[in-house]
Amino acid sequence: MPSLSHPFVSRLVRALRDRHGYKVLVETGTFTGTSTMWAANEFDWVVSIDKMDTHEETARARCTDPSLRCYPLLLRGDSRVALVPVVEALDAIKQPAIFYLDAHDINNLYGGGNDCPVLLELHTIMMADERHAVLIDDAHDFCSPPIPEYPSLAKIVSYVHNGHQLRVAHDLIVIVPDAAIGAVDAFVAERVER
Ligand SMILES: C[S@@+](CC[C@H](N)C(=O)[O-])C[C@H]1O[C@@H](n2cnc3c(N)ncnc32)[C@H](O)[C@@H]1O
């Protein structure tokens, strides 16, 4: 069964979608398409980007399932570059989106060497006219960066502007427009184990 990295992440994405009307999910880091297929069952439009040819081909084969709510648009390329026209297109059609940033790799775990494009991804998203929501997976890796390619959480915080606020919950960095931060805080508070 396709899913995001943790049930908490899937539930938060659904809560943001339902409360704030997001129709589009953009993912960086397709890998073999598991998270992409989850999104394609939950959103009207899904775009996913990966730099590895082999991953994109595997995901493309899986994402032709006719039972999916939408066929995801799979882009091959470095997300530092490939994300720019996606954000421009969302501005052109005035469509805010949820961005799931999962294109980071340590010690070649996913075949891409050591890579972490998150700062440039975030810069592109923050410069947009639309106020997007951003979820960065693997928060623990930014709290204690394991390799120099990974920025610190403090550095990520310094990229957050343009009417957005940041939280960290369940190994996820959550960056949402001011209007959505109350919903995020309430969602997290309801799930605090007592
Ligand atoms: C953690 S995996 C993604 C897992 C996937 N989202 C899932 O939940 O099944 C990271 C992926 O990011 C990709 N990646 C790493 N650096 C990238 C970059 N600069 N641009 C695009 N993709 C990148 C890798 O090829 C790998 O497939």
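What follows is a walk through the fold of one protein chain, as seen in a predicted model.

Start with the overall picture. The protein chain contains 8 helices and 7 strands. Along the principal axes, its C-alpha atoms fill a box of roughly 40 × 40 × 40 Å. A compact globule of 194 residues would be expected to have a radius of gyration near 16 Å, and the chain comes out at 16 Å, so the two agree. Buried residues account for 39% of the 194 residues. Much of the contact map links distant parts of the sequence: among contacts with a separation of 6 or more, 67% join residues 24 or more positions apart.

The strands come together in one open sheet. Its 7 strands run in the order β3-β2-β1-β4-β5-β7-β6, with mixed pairing. At the edges sit β3 (73-76) and β6 (164-169), each of which pairs on one side only. Ignoring direction, neighbouring strands of this sheet are turned by 15° against each other on average.

Strand β1 is a good place to look inside the sheet. This strand covers residues 24-28, and 5 of its 5 residues are buried, so β1 is largely enclosed by the rest of the structure. In a regular strand, side chains alternate between the two faces of the sheet. In β1, V24, V26 and T28 point one way while L25 and E27 point the other way, and all of these residues are buried. That includes E27, so a glutamate is counted here among the enclosed residues of the strand.

β1 has a parallel partner on either side in the strand order. One of them is β2 (residues 45-50), which pairs with β1 over 5 bridges. Within that pairing, T28 has I49 of β2 as its bridge partner. To get from β1 to β2, the chain passes through helix α2 (residues 34-40), and this β-α-β crossover is right-handed. The other partner is β4 (residues 97-101), again in the parallel sense and over 5 bridges. Here E27 stands opposite Y100 of β4. Further out, β2 pairs with the edge strand β3, also in the parallel sense, over 4 bridges. S48 stands opposite L74 of β3 in that pairing.

Now to the helices. In α5 (residues 118-126), the buried residues are V118, E121, L122, T124 and I125. They lie on the same side of α5, because the arc they cover around the axis is only 160°. What covers these buried residues includes the strands β1, β4 and β5 (133-137), along with the helices α4 and α7 (153-158). The enclosed strand β1 is therefore also part of the cover over the buried side of α5.

Helix α4, another part of that cover, spans residues 79-92 and includes V81. V81 counts as partly exposed, because it has 13 C-beta neighbours inside 10 Å, where a buried residue would need 20 or more. V81 and S158 are 77 residues apart along the chain, and their C-alpha atoms are separated by 21 Å.

Towards the other end of the strand order, helix α8 (residues 178-190) lies across β5, β6 and β7 (172-177). The helix runs at about 140° to β7.

Technical notes. Residues numbered from 1 in each chain as written. Predicted model: local features only at pLDDT ≥ 70, side-chain atom pairs only at ≥ 80, totals over all residues. Helix = DSSP H or I, 4+ residues; strand = E, 2+ residues; numbered from the N terminus. Rg over C-alpha atoms; globule rule 2.2 N^0.38 Å. Buried ≥ 20, exposed ≤ 12 C-beta atoms within 10 Å, placed from the backbone. Contact = placed C-beta atoms within 7 Å. Pairing = 2+ DSSP bridges. Right-handed = clockwise from strand over helix to strand, strands pointing away. Arc of directions from axis to C-beta. Axes fitted to C-alpha atoms, helices over the stretch in contact; angles between N-to-C directions.
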